[in-house]
Amino acid sequence: MVSATAVIWIHALVALLFCGVVATYPRTQALSVPRWLMLTAVAASAAWALSTAGISSHDVATRAAGAARDLAWLAVLAVVARAADGGAARARLGVYAATAGCILLAAATAIAAELAPDAHTTALLESTALTLRMLGTVSALVLVQRASIEEGASGRQVVVAALALMWTTDLTIDLLAWIIEARPAVLTVARGAVMVAVAPLIAFAAHRGDEGTIRASRTITLRAIVAVCVGLYVVVSGIVMGYLGSLAGENARTVQTAFVFGSAASTLTLASTPWLRGWAKVVVAKHLFRHRYDYRTEWLRFTDTLGVPGGAAEALEVRVIKAMADMTASPAGVLLTVRDGALAARAAWRCDEAPDRAGSEALVDHLQTSRRIVDLDAIRAGDSGDAEAGLIPAWLREWEAAWALIPLIHVDRLVGAIALARPPLARALDWEDFDLLGVAGRQVASYLAEDGAHGALAEAQRFEEFNRRFAFILHDMKNLVSQMALVARNAERHADNPAFRADMIATLQDTAQRMTTLLARLSQRPAGSAGSERGAVSLDELARRLATGRRAQHPVTVTATGDGATWALADRAALETVLGHLIQNAVEASPADVAVTLTVAQRGGEGIIAVTDRGAGMAPAFVRDGLFRPFVSSKPTGFGLGAFEARQLVQAMQGRLEVESREGVGTTFRVVLPRAEEMEEAA
């Protein structure tokens, strides 16, 4: 009773929907199908649904209405196909006529079965009518498949899709009825449910017309196919379970449970098979789409794989293999890069690494010149040229899973090549593979070339940093040598003075300590990192100590203009290096009997230590343009790095270096640093 009610309600809904299509059909013809023909087909569908709901699906009137519906839609299909491909459709008019004949003959046979005098004749005629109806439906589906709709005819595309859905459902239901030799009410309900979806499609096509384009994405298409397959599985399983239940008697539940478990396990096992999934994708792409690849989706996934590492240990070399392999569903791959003029293994993904030297220089020249993707299956089969086959290394020919060798070309240079393993569903490479893999190979080559350039740049920067540090230290060593030379020259005159000897020993100890510090700087930290070790430094104490250490070399005096001790935030070692440069320059610029002055002062929140000489001074143009430029010096034997390094070190300590110089008067360098006022208060 419930099934009969469901049949009535579902087909009444179908009739209502098709009547709504008739009532809202546009008066202006937007679809390239005569308006009267579309309205006839829609009205016939409504009449068939109404008779199924009001009378019975087995009644003579219902079968006649069903035949009228199919004939009307067949005429619509003929008009749609003729508008699409003209002459080819006219050549198939005989097929359309034969299909219409099958539909009419099936209806006539069904009517004759209702009027047959005995049950045997009735069963025979019913079987014949069912067979003729399935034959007509198959022929109609073939015509649907051959009705190629050009791009832009979106309304006709929807009409063809609706007819394919309607007749595919009819064929499936008739086939199930033929297998089980019965037509349960659930099959009739299923047919009505599908027609509920067909009616809106027809209405959409009528209102949209032939303008614009409708394309279902591959994801939606595949999901729709999966949903249809799941629905068919459920319907077929239900019918088979009912049939098994009628045969098994008392053991019906056990048999049905065993069937459900076995069929579900078998289906899940098949669905998880890589080969079957690959086969399904190939079949769907071949028959439902113009191209095998969904280029937008593939390219987005390709760039995501290249740009976003899958794990912390996944290097770029592995990502490029994976990105290329995902396009063709290849299970493994090897990246070869050019090394010493030949290809050598650099990385592998899901396979053992190739030999270190994987190809000759001739192979590199061939791939770079031809830019050809090598079909390794064709090489093994002898379908490729002997010249190319002779260039392929032995390990690659012996690797049975190897499928394609893709050159990676950056500009006009071969960066490397990627060898991909054969997909689960073995197939030959075609023009789509060549085009897509060629473009992807050039993109991968640019990534690898950029990565190599970054590596070379980083190495060059490391060498530059080392050279820079070495130049600074060499300058400091020159200052120490000059200092020792002055000490040695003064020793000739003051060697008998005990105070001088004590100062000389202190100077030698200080020089040795500074040389040790210079060597440590060369091996550990770069110049300019002084700001990382800032602390409170007493400028007064530092000035006095530096002056004491220079007494054996040149007289240095210390003056303080502030109130109390002056403390500054600085890196002590870096500040000593800065003042050492400035004092040495001042000593070299000053006459032997004129002292260099160290002045400690305070100015607001800043502590200042100044180095003043009474030398020849510097021209304003040199101070402005050349003083702080590296390798520019006013001294014939100078390196031109002292002032440059001093300013960098002071800036790293968040201070600044000021200079005042007048020709013939002298020069003053001021190191200005933030004050450590809390230390001054504590002192």
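**Exercise 1.** How many bridges join β3 to strand β4, and in which direction do the two strands run?

*Solution.* The model is predicted. Start with the pair itself: β3 and β4 (residues 402-410) are joined by two bridges and run antiparallel. Next, take a residue in the pair. Asp-375 has Ala-404 of β4 as its bridge partner.

**Exercise 2.** Place this pair in its sheet: give the strand order and name the edge strands.

*Solution.* Step one: write out the order. Five strands make an open sheet, β2-β1-β5-β4-β3, with antiparallel pairing. Step two: find the edges. They are β2 (342-349) and β3 (374-375), each pairing on one side only. Step three: add the helix. α13 (residues 316-328) packs on the sheet and touches β1 (333-339), β2, β4 and β5 (413-421). The direction of α13 makes about 75° with that of β2.

**Exercise 3.** Which elements have the lowest and the highest mean pLDDT?

*Solution.* Begin with the whole protein. Its mean pLDDT is 79, and 81% of its residues reach 70 or more. Then go to the elements. Helix α4 (residues 87-91) is lowest, with a mean of 54. Strand β12 (residues 666-674) is highest, at 93. Finally, a caution: where pLDDT is low, predicted coordinates should not be read in detail.

**Exercise 4.** Describe the protein as a whole: secondary structure, burial, contacts and surface.

*Solution.* Count elements: 24 helices and 12 strands. Check burial: 42% of the 683 residues are buried. Turn to contacts between residues at least 6 apart in sequence: 70% of them join residues at least 24 apart. End with the accessible surface, about 34,300 Å², of which carbon and sulfur atoms hold 61%.

How values were computed: Residues numbered from 1 in each chain as written. Predicted model: local features only at pLDDT ≥ 70, side-chain atom pairs only at ≥ 80, totals over all residues. Heavy atoms only, no water. pLDDT = per-residue confidence, 0-100. Helix = DSSP H or I, 4+ residues; strand = E, 2+ residues; numbered from the N terminus. Buried < 20%, exposed > 50% of the residue type's maximum accessible area, 1.4 Å probe, protein only. Contact = heavy atoms within 4.5 Å. Areas by Shrake-Rupley, 256 points an atom, 1.4 Å probe, with all protein chains shown as cover. Pairing = 2+ DSSP bridges. Axes fitted to C-alpha atoms, helices over the stretch in contact; angles between N-to-C directions.
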